[in-house]
Amino acid sequence: MSEEVKAHIFEPFFTTKERGSGTGLGLATTYGIVKQAGGSIEAYSEVGTGTIFKVYLPRVEGEASSAVNDERPADLPGGTETVLIVEDEGILRNLCVRILERKGYKVLFTSGYTENVISHHGVLAEGVSFIGKT
């Protein structure tokens, strides 16, 4: 990418894609997550060659604590909150949808791509509502 483009890549809604092909939030979100963790992110790029992103996170001293919690509630509440899932990996996205549907949530799919493009690539499951972003 050019130096001019590189100067703006972490800005929210900045994109070099055609209108309707992306929101420009991916790198801005990544930047925010890395900064909140006390880290930094750098981009190295050459026009026509490619780009490398390097993420640096602070070292944590000590031992990791166990993330396993054996205490599980008998019946989880659900179906009254709003849940946003952002996942481009189909298997994970579908798993999240199945879990939420079992708990009584309505599933709504939104994308910057048109519904026609989404449905032809097998992303939009039968019976799932779609809202296109403009």
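Helices are DSSP runs of H or I with at least four residues, numbered from the N terminus. With that in hand, here are some exercises on this predicted model.

**Exercise 1. Place Phe13 along the chain and decide whether this residue is buried or exposed.**

Step 1: Look for the elements around Phe13. The residue sits in the loop that runs between helix 1 (3-6) and helix 2.

Step 2: Turn to its surface. The relative accessibility of Phe13 is 59%, and exposed means over 50%. Phe13 therefore counts as exposed.

Step 3: Check the backbone. Phe13 has a phi near 70 degrees, which is a positive value in a residue other than glycine.

**Exercise 2. Write down the order of helices and strands in the chain.**

Step 1: Take stock of the elements: the chain has four helices and four strands.

Step 2: Walk from the N terminus, and you will meet them as α-α-β-β-α-β-α-β.

Step 3: Add the overall picture. Of the 134 residues in the chain, 13% are buried. The accessible surface is about 11,100 Å², with 54% of this area belonging to carbon and sulfur atoms.

**Exercise 3. Find the surroundings of Ser45 and say whether Ser45 is buried or exposed.**

Step 1: Locate the residue. Ser45 is part of strand 1.

Step 2: Compare its area with the cut-off. Buried means under 20% relative accessible area. Ser45 has 16%, so this residue is buried.

Step 3: List what Ser45 touches. Setting aside residues up to four places away in sequence, these are Met1, Gly50 and Thr51.

Step 4: Look at the polar atoms. The side chains of Ser45 and Thr51 are joined by a polar contact of 2.9 Å. A polar atom of the Ser45 side chain also lies 3.5 Å from the backbone oxygen of Gly50.

**Exercise 4. Identify the residues that share a nonpolar surface patch with Tyr44.**

Step 1: Start with Tyr44 itself, which belongs to strand 1 (residues 40-46).

Step 2: Judge its accessibility. Partly exposed covers the range between the buried cut-off of 20% and the exposed cut-off of 50%. Tyr44, at 37%, is therefore partly exposed.

Step 3: Name the partners. Tyr44 forms the patch with Ile52 and Tyr56, and together the three have about 300 Å² of accessible area.

**Exercise 5. Work out which residues Tyr31 contacts beyond its sequence neighbours.**

Step 1: Place Tyr31 in helix 2 (residues 26-36). With a relative accessible area of 32%, Tyr31 is partly exposed.

Step 2: Leave out the neighbours within four places in sequence. Tyr31 is then in contact with Phe10 and Ile41.

Step 3: Look further along the chain. Val55 is 24 residues from Tyr31 in sequence, while their C-alpha atoms are 9.2 Å apart in space.

**Exercise 6. Compare the length of helix 3 with the expected span, and say what follows this helix.**

Step 1: Count the residues. Helix 3 (residues 90-102) has 13 of them.

Step 2: Compare the spans. From first C-alpha to last, helix 3 reaches 18 Å, close to the 18 Å expected at 1.5 Å a residue.

Step 3: Move past the end. Gly104 follows helix 3 and has a positive phi, near 95 degrees.

Step 4: Now look before the helix. Thr82 is in the loop between strand 2 (50-56) and helix 3, and its relative accessible area of 79% makes Thr82 exposed. Thr82 and Lys106 are 24 residues apart in sequence, with a C-alpha to C-alpha distance of 9.4 Å.

Definitions and conventions
Residues numbered from 1 in each chain as written. Predicted model: local features only at pLDDT ≥ 70, side-chain atom pairs only at ≥ 80, totals over all residues. Heavy atoms only, no water. Patch = residues over 30% accessible without salt bridge, like charges linked within 9 Å, V, L, I, M, F, W, Y side chains within 5 Å. Areas by Shrake-Rupley, 256 points an atom, 1.4 Å probe, with all protein chains shown as cover. Salt bridge = Lys/Arg side-chain N within 4 Å of Asp/Glu carboxyl O. Helix = DSSP H or I, 4+ residues; strand = E, 2+ residues; numbered from the N terminus. Buried < 20%, exposed > 50% of the residue type's maximum accessible area, 1.4 Å probe, protein only. Polar contact = N/O pair within 3.5 Å; in protein donor to acceptor, adjacent residues only side chain to side chain. Contact = heavy atoms within 4.5 Å. Expected span 1.5 Å × (residues − 1).
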